[in-house]
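Me: I would like to go through this model slowly, asking at each step how a label is justified.

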Amino acid sequence: SSKGGESAKTVGNIPLKFIETQDEIQADILLTNTCAIRDNAEQKVWHRLRALRSHDRNFPLEGLADMRDCSGEEYGDDATETIHDRKRLLKLSKELRKQQQNQNQPPWKERKKRIIGVLGCMAERLKEDMFQDGTADLVVGPDAYRDLPRLISVLSAPSVAPSLVSSDNSVDCVDSGDEKNAAVRGSAKVTPTIPTERAVNVQLSLDETYASIAPVRANKEDVSAFVSIMRGCNNMCSYCVVPFTRGRERSRDMESVVEETRRLLEEEDIKEVILLGQNVNSYHDTSGVKRKRKGLKDNNDVEIDSDSSQKGTNQSDNSGYETSNPGFQNMFRLRDGDGRRFVDLLDAVSQLSPELRVRFTSPHPKDYPPPLLSLMSERPNICNHLHMPAQSGSSSVLERMRRGYTREAYLELIHDVKRLIPDVAISSDFISGFCGETEDEHRDTLSLMEEVQFDQAFMFAYSMRERTHAHRTMEDDVPADVKNVRLNEVISTFRREVQKRNDEVEVGKFRLVL
């Protein structure tokens with residue numbers, strides 16, 4: 001709900017400058033980042049969008065100046081300190097609307113509206129459907145954020161253009177970013193066009209990682225920071241919409257990740273970094289390899305050791321890719337090939353400073369090869385926490401989910417982890433009531449939780465998502481009330497087991513915390 005940064009984009013000769021505000025009532029551009037993983041998340045977004053749109057009625061942008069005149073108080077850019085009583089503002093707004101009606105002035109709905117933008121996965125999934133009910137003006141998928149200045153300029157043009165209108169009612173050179181409506185260059189005059197009311201870019205990319213963009217941290221006092229290392233997902237689990245909203249996996253080059261982490265450590269005094277990705281431990285930097293094939297050389301070139309320690313017997317190929325153990329399968333063959341893997345990146349980042357804590361999320365259980373577990377056990381500043389999303393404890397459900405492993409393979413991995421990293425904390429994800437889940441399959445999940453004793457868990461009832469394999473081939477046949485009963489049993493089992501483990505392992509133990 002703010003405008004950040006400064007754009008070089010212009011409407012005519014007027015630059016679009018974005019100034020951040022902490023008060024959404026003062027903002028004329030409101031951007032909402034969204035999630036589409038479950039229906040409940042999307043319903044919250046729709047509710048939020050309706051609330052934001054109501055600001056045009058309750059607190060119209062033109063009316064803020066009039067309300068300032070009526071109240072005698074200042075409502076400027078520093079609105080976080082002056083606009084604190086929205087009930088009083090709402091009352092003033094209603095009074096001004098009555099005055100407008102009595103004076104036959106245009107109603108608020110005909111005057112300037114805020115630009116409400118929907119970004120992220122929900123925008124990518126629903127595309128133009130996000131425009132329904134007039135709740136959104138701008139829809140931008142997760143790979144099109146670089147296009148935001150141009151798209152905003154398209155929508156901002158109508159509010160800026162009047163200042164450029166000449167006495168003959170023509171418009172001086174206005175570049176709205178729309179080729180159809182773009183004005184003639186130079187001093188030529190053009191007839192004003194119909195204002196653009198909607199803008200959309202939901203094009204997915206095969207290579208966008210935003211590696212060249214340095215994130216601006218909202219809270220400078222934070223001691224932890226996220227560092228994005230890869231985007232997208234190739235796993236195609238039958239229940240998951242992420243491959244359709246985030247696209248194919250692509251990884252940043254290792255040097256850019258290490259350099260960003262170094263900057264956070266040395267310039268911003270960060271104490272902990274969390275390496276981030278949809279499948280973070282599937283990281284695969286092939287940038288140096290691609291340049292070698294083109295006959296080019298630079299600092300990103302990578303030398304490949306034919307005796308690399310990443311090779312092994314766990315469904316590996318002759319290029320270094322290796323799954324966690326032979327019970328895990330990799331459905332996507334393009335993960336093979338030369339390049340640097342997650343263990344190489346984790347090694348490089350953790351060597352920047354022994355005082356820098358290193359974490360990562362969100363991984364897939366198939367990509368914990370022995371060299372990665374060995375590095376974690378040997379490197380003290382790599383936190384002893386592994387997220388291992390099981391999703392279910394039943395092999396038959398896991399097969400329908402297309403997870404690529406069985407209950408037995410998962411438990412073997414857990415045992416390997418606890419053997420190599422004795423003090424490890426393990427977290428997981430669980431879905432209750434997936435398509436066709438029986439009571440016995442549900443009980444398998446409960447028994448898995450009892451055996452592993454997870455330290456943290458994210459537990460949800462299954463929500464069918466359009467475009468997924470399950471949506472095309474399966475039936476969401478577990479009744480909602482049964483899903484809720486099973487979910488409550490999963491939550492109760494987790495709480496009971498984590499309490500038991502804490503009583504046995506953690507009570508009386510000292511921990512170093514940030």
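Me: How do the residues of the lining of the second largest cavity divide into nonpolar, polar and charged?

Reply: This is a predicted model, in which local features need pLDDT of at least 70 and side-chain atom pairs count only at pLDDT 80 or more, while totals for chains, interfaces and linings use all residues. Residues are numbered from 1 along each chain as its sequence is written, and side-chain values use heavy atoms, with hydrogens and water left out. The lining divides into two nonpolar, five polar and four charged residues, where Ala, Val, Leu, Ile, Met, Phe, Trp, Tyr, Cys and Pro count as nonpolar, Asp, Glu, Lys and Arg as charged, and the others, Gly among them, as polar.

Me: What makes a space a cavity, and which residues lie nearest the centre of the second largest cavity?

Reply: On a 1 Å grid over the protein atoms alone, a cavity is a set of points where a 1.4 Å probe fits but cannot get out, and its lining residues have an atom within 4 Å of a point. The structure holds two cavities of 30 Å³ or more, and the second largest has a volume of about 60 Å³, a volume being the space filled by probe spheres set on the points, which are joined across faces, edges and corners. Eleven residues line this second largest cavity, and N235, Q329, M331, K366 and R403 lie nearest its centre.

Me: Why are α14 and α16 called roughly parallel to each other?

Reply: Helix α14 (residues 439–452) and helix α16 (residues 480–506) pack at an angle of about 15 degrees, and angles under 35 degrees count as roughly parallel, so α14 and α16 are roughly parallel to each other. The axes are lines fitted to C-alpha atoms, for helices over the stretch in contact, and angles run from 0 to 180 degrees between N-to-C directions. Helices themselves are DSSP runs (H or I, at least four residues), numbered from the N terminus.

Me: Which residues of α14 and α16 meet?

Reply: With contact meaning heavy atoms within 4.5 Å, the residues of α14 that meet α16 include E439, H442 and R443, and their partners in α16 include R486, E489 and V490. By class, this contact has four nonpolar, three polar and seven charged residues.

Me: What kind of residues make up the contact of α10 with α11?

Reply: F342, V343, L346 and D347 in α10 meet P371, L372, L375 and M376 in α11. These residues divide into seven nonpolar, no polar and one charged.

Terms used: Helices (H or I, at least four residues) and strands (E, at least two) are DSSP runs, numbered from the N terminus. On a 1 Å grid over the protein atoms alone, a cavity is a set of points where a 1.4 Å probe fits but cannot get out, and a pocket is an open set with protein on both sides within 12 Å along at least five of seven lines; lining residues have an atom within 4 Å of a point. Angles under 35 degrees count as roughly parallel, over 145 as roughly antiparallel, 65 to 115 as roughly perpendicular and the rest as oblique.
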